Amino acid sequence: HRNQKQRRDAVANLPGPYCLPLIGPVHLILTANQKNFFDISRKHVSKYGRIVKVWIFHRLLIFSVDVELSEQLLSSQTHLVKHPVYKTLAQWLGNGLLLSDGRTWHQRRKIITPTFHFKILEQFVEVFDQQSSTCIERLAERADGLTAFNVHPYICLAALDIIAETAMGTKVYAQTAESTPYAKAVNECTELLAWRLLNIFLQNEVIFTLTQPHLKLRQKKLIGIMHEFTNKVIEQRRSALEARQRQGQVNAYNDVGAKQRMALLDVLLQATVDGKQLTNAEIREEVDTFMFEGHDTTTSAICFTLVLLSRHPEVQEKLLAEVCEVLGSDNKRPITMRDLTDLKYMESVIKESLRTYPPIPLIGRKLQEDFKYTHSKYGDGVVPAGTEIIIGIMGSLNDAEQFPEPNKFRPERHEDGAPSSAYAMIPFSAGPRNCIGQKFALLEMKVMLAKIVREFELLPLGEEVMPVINIVMSSKTGFQLGMRRRIDTNNVAPS
Ligand code: HEM
């Protein structure tokens, strides 16, 4: 490894704010927070360019919204280790796919990739449909056409029901009065971790334990409830699978019958890599990871999309026309995979919403080895091992060079052909560590949005969203809108 001087020399070509010799950019450390983060980053990008370096003590941080750098970093098979901040989630998610690295990650990724096979996802459309219907019944109580309300809790519980039923094959009734202690624990623990992540000191487990002992105990209790529940489900599903195997009724994932739906967990129970199966403890880490990664992200995406639609009636009407044409007016007919493939404008709407408010606004890596890059502006260079690189997904997706007039919500821009680089449109990241649940997420979003838009007119009521940066993007003001029931969905353009 290089010494401090060699590290400084290595990145001398990259611009950044003045950093005091030891403490770094004090003014930034004291003033930056999750609410003004985007404004500060925007100012720095216009002052220094798309790659900005910052020294804090001996730490070198590089913030990048640069497509060339993203492409070279994200497509690399070498620089796959996550930023240490992710470890805040480790007590819950263990070595699950999101956090692990090295050999563990490689093996798990190989074993888990087929879990998201088309045939498996296809059988989940029914779950998306049924749980969205429950969500609509709950939303109907608020749809008076006059009052603004925060749609987040409704979508969040529906997304939780969906991920539990598809990942574990088990209903947790988050949307009903009978909500299980498990569903409540997932919800509370996600909020607690999000709150911890807002404070740079509380991300550290030791400081958190010493300064917030009661919350540490609460976190421990919640994680205990969740682990106990997932362990029990895994044991039950393993016994059921073994019983079926004894009776010679194994159904591999590629021969799913109509008889029984396979949960993601069932596929993991049967999967082998290099002749080895995953243990119950390993499966638990993966199921917990799906539960975490698979509900807060889609919730954020659906909530932002609903708010955007409420503020862009022309987009909403065009979308409604497509939904009515593809699904027909019989609200009772279950949605099929075929319908979802035909919802083309919907795809553009979702993409544009993910571009405007990416649910995961930043991702981070910690370099274990030197990262050699070639750049049209900075030439050939090396970022030394030990550097933390933060890729600003939000910044990249709102870059006028890639997406002209980035502040305009214009789904049609995605119809005109892909952006110049596949590494420009990266709400799901890209390369070997991209989102494994991308297709799952898009299908779930399509079903939920199609059903909600067909049932309700979304109205521009209430405060505007105020994006707050966190591991998953949220809004300080919630997700305010109004809803009015559409009486006749054949009447495509209600005036
Ligand atoms: C709109 C919804 C979603 C968005 C925007 C999203 C975005 C992302 C992003 C940006 C990453 C890369 C994270 C990083 O490099 O630090 C990621 C990873 C991941 N996502 Fe998603 N995600 C979504 C939904 C889902 C769903 C529904 C699931 C599971 C059912 C899921 C499972 C995962 C997993 C397991 C990883 C880690 C993959 C790996 O490191 O190999 N995600 N996601």
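Ala, Val, Leu, Ile, Met, Phe, Trp, Tyr, Cys and Pro count as nonpolar here, Asp, Glu, Lys and Arg as charged, and the others, Gly among them, as polar.

**View 1. What surrounds the ligand in this predicted model.** Sorted by those classes, the shell around the ligand holds 13 nonpolar, six polar and four charged residues. That shell is made of 23 residues, and the closest are Gly 294, Thr 297, Cys 435, Gly 437 and Ala 441.

**View 2. Helices that help build the shell.** Look for helix 13 (280-293), helix 14 (296-311) and helix 19 (438-455): each one supplies at least two residues of the shell around the ligand.

**View 3. A close look at Cys 435.** You'll find Cys 435 in the loop between helix 18 (393-397) and helix 19. An unreviewed UniProt entry lists Cys 435 under "binding site". Leaving out residues up to four places away in sequence, Cys 435 touches Phe 428 and Ser 429. Cys 435 counts as partly exposed because it has 19 C-beta neighbours inside 10 Å, while 20 or more would make a residue buried.

**View 4. Ser 429, a contact of Cys 435.** Ser 429 is in the loop between helix 18 and helix 19. Here's a quirk: Ser 429 isn't a glycine, yet its phi is positive, at about 60°. It has 18 C-beta neighbours inside 10 Å, so Ser 429 counts as partly exposed.

**View 5. Tyr 173 and its positive phi.** Hop over to the loop between helix 8 (152-168) and helix 9 (181-197), where Tyr 173 is found. The phi of Tyr 173 is near 50°, a positive value in a residue other than glycine. With 17 C-beta neighbours inside 10 Å, Tyr 173 counts as partly exposed.

Terms used: Residues are numbered from 1 along each chain as its sequence is written. This is a predicted model: local features need pLDDT of at least 70, side-chain atom pairs count only at pLDDT 80 or more; totals for chains, interfaces and linings use all residues. A residue is near a molecule or strand if its C-beta atom, placed from the backbone, lies within 6 Å of it. Helices (H or I, at least four residues) and strands (E, at least two) are DSSP runs, numbered from the N terminus. UniProt positions are given in the numbering used here, feature names are shortened, and annotations may be inferred rather than shown by experiment. A residue is buried if 20 or more other C-beta atoms lie within 10 Å of its own, exposed if 12 or fewer, and partly exposed in between; C-beta atoms are placed from the backbone. Two residues are in contact if their C-beta atoms, placed from the backbone, lie within 7 Å.
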